[in-house]
Amino acid sequence: MSALRRVTVKVPATIANLGPGFDALGLAVRFYNVLTVERAERTEVTVTGAGADRLPRDGRNLVLRTAEEVAQKAGRALGPLRVTQRNAIPLRRGLGSSAAAIAGGTVAANALLGDPLPLGALLDLACGLEGHPDNVTPALVGGLVACTLDGGRVRWAKVDVRGTWRLVLAIPEVEVSTAEARRLLPQTVPFPDAVFNVGRAALLVAALTGDRPDLLGAATQDRLHQPYRRPLVPWLEAVMDAARGAGAYGVMLSGSGPTVAAFAPDGACGEAMQRALAGAGVACQIVVTEIDPEGARVVKEDNPVRV
Ligand code: HSE
């Protein structure tokens, strides 16, 4: 088996839930972290960009922990690693920054070992670390993904999206912890709300595969998580209204927030979203992007070694 000394992986940000698809739908977008992992004399972590001031540099680092799990699962040893993270995906904004670290870590570690684990094993491992599948699955495989946990295994399928979609992201300069945002969710929901979401999640997949922007307004509505998370994002309705008023087809909270994501024909609604957030006293960054079709990939590998 040919293994590597050093590997560089590019991994996309992800929009989980997409409105009605709570823990079930996710989309990778062209907005990337880049990660280099190499065999070294001693463990060393360098982070630049997002999280440089706070991501752990020791064994708690998510890339290192993930690499260790991949090696264990493969029954192999990686030894000490030098990890260099160049992060664009901001932390705790609902854009899958931890999923990116996990997805990138699995692909990098697997490549260093000569790819002993198949994709399914990487996904199960990644999902075990993340807790839910809707960020790590698209981060690993790219595109639009339908996914669920079935007896501890990730069941997933990539969905062929038709049409040209821009994703406009309003990324507030405030943070939301996913754990806290999950604590706000109820144990049970009214039956009509469950029916509301099932119909819309199905419609959303049909709209994106059938190039039907006209359906997205209804298809991105949600009653399972966004209303309960409103205390953390009190300005959500105002930003969604502003985006729709400025031409967005459909708008939703990205993951557990606070980022708001819009499907749109172009970036024009970004300014309206920014104004609405500013009206609530919240500064934000606007990113206009597209679907990333590939997911985490090796972009550079060096020095094959025989193992
Ligand atoms: N589906 C998860 C949630 C995604 O909404 O809690 C977190 O980014």
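Is cysteine 269 buried or exposed? Cysteine 269 is buried, with a relative accessible area of 1%. The structure described in this report is a predicted model, and the account below moves from its cysteines to its ligand site and then to individual points along the chain.

## Cysteines

The number of disulfides in the model is zero. A pair of cysteine sulfur atoms would have to lie within 2.5 Å to count as a disulfide. For cysteine 147 the closest cysteine sulfur belongs to cysteine 127, and because the separation is 7.7 Å, the two are too far apart for a bond. Cysteine 269 is likewise in no disulfide, since its nearest cysteine sulfur, in cysteine 284, is 11 Å away. Cysteine 147 is buried, at 4% relative accessible area, and cysteine 269 is buried at 1%.

## The ligand and its surroundings

The ligand sits in the largest pocket. Two elements each give two or more residues to the shell around the ligand: helix 4, spanning 133-141, and helix 5, spanning 178-183. The residues around the ligand are Ala16, Asn17, Phe22, Asp23, His132, Asp134, Asn135, Thr178, Arg182, Arg229, Gly255 and Ser256.

Within this group, three side chains place a polar atom beside a nitrogen or oxygen atom of the ligand, as the table shows.

| Residue | Ligand atom | Distance |
|---|---|---|
| Aspartate 134 | nitrogen | 2.7 Å |
| Asparagine 135 | oxygen | 3.0 Å |
| Arginine 229 | oxygen | 2.8 Å |

Taken alone, the ligand exposes 260 Å², and the protein buries 98% of that area.

Arginine 229 has a further partner within the protein: its side chain makes a polar contact of 3.0 Å with the side chain of histidine 225. Histidine 225 is placed in the loop between helix 7 and helix 8, the latter covering residues 226-229. The relative accessible area of histidine 225 is 0%, so this residue counts as buried. Arginine 229 thus takes part in a contact with histidine 225 and also has a polar side-chain atom 2.8 Å from a ligand oxygen.

## Helix 4

How many residues of helix 4 are buried? Nine of its nine residues are buried, and the helix is mostly covered. These residues are Pro133, Asp134, Asn135, Val136, Thr137, Pro138, Ala139, Leu140 and Val141. Asp134 and Asn135 also appear among the residues around the ligand. Just after the helix, glycine 142 takes a positive phi of about 80 degrees.

## Backbone features in the loops

Asparagine 17 belongs to the loop between strand 1 (2-16) and strand 2 (25-39). Although asparagine 17 is not a glycine, its phi is positive, at about 75 degrees. Asparagine 17 is buried, with a relative accessible area of 2%, and is one of the residues around the ligand.

Proline 20 is found in the loop between strand 1 and strand 2 as well. At 4% relative accessibility, proline 20 counts as buried. Its C-alpha atom is separated by 33 Å from that of arginine 54, a residue 34 positions away along the chain.

What is the phi of aspartate 211, which is not a glycine? Its phi is positive, at about 50 degrees. Aspartate 211 is found in the loop between helix 6 (191-209) and helix 7 (216-219). Its relative accessible area is 36%, so aspartate 211 is partly exposed.

A cis peptide bond runs from glycine 257 to proline 258, with omega near 10 degrees. Proline 258 lies in the loop that joins strand 8 (250-253) and strand 9 (260-264).

## A position in strand 5

Alanine 146 is placed in strand 5, which comprises residues 144-150. With a relative accessible area of 28%, alanine 146 is partly exposed. Measuring from C-alpha to C-alpha, alanine 146 and glutamate 271 are 31 Å apart in space, and they are 125 residues apart in sequence.

Notes
Residues are numbered from 1 along each chain as its sequence is written. This is a predicted model: local features need pLDDT of at least 70, side-chain atom pairs count only at pLDDT 80 or more; totals for chains, interfaces and linings use all residues. Side-chain values use heavy atoms; hydrogens and water are left out. Buried means under 20% relative accessible area, exposed over 50%, partly exposed in between (1.4 Å probe, protein chains only). A residue is near a molecule or strand if one of its heavy atoms lies within 4 Å of it. A polar contact is a pair of N or O atoms within 3.5 Å; within protein, one must be able to donate a hydrogen and the other to accept it, and residues adjacent in sequence count only if both atoms are side-chain atoms. Accessible areas come from the Shrake-Rupley method with a 1.4 Å probe; for residues, only the protein chains shown count as cover. On a 1 Å grid over the protein atoms alone, a cavity is a set of points where a 1.4 Å probe fits but cannot get out, and a pocket is an open set with protein on both sides within 12 Å along at least five of seven lines; lining residues have an atom within 4 Å of a point. A molecule sits in a cavity or pocket if more than half of its atoms lie within 2 Å of its grid points. Helices (H or I, at least four residues) and strands (E, at least two) are DSSP runs, numbered from the N terminus.
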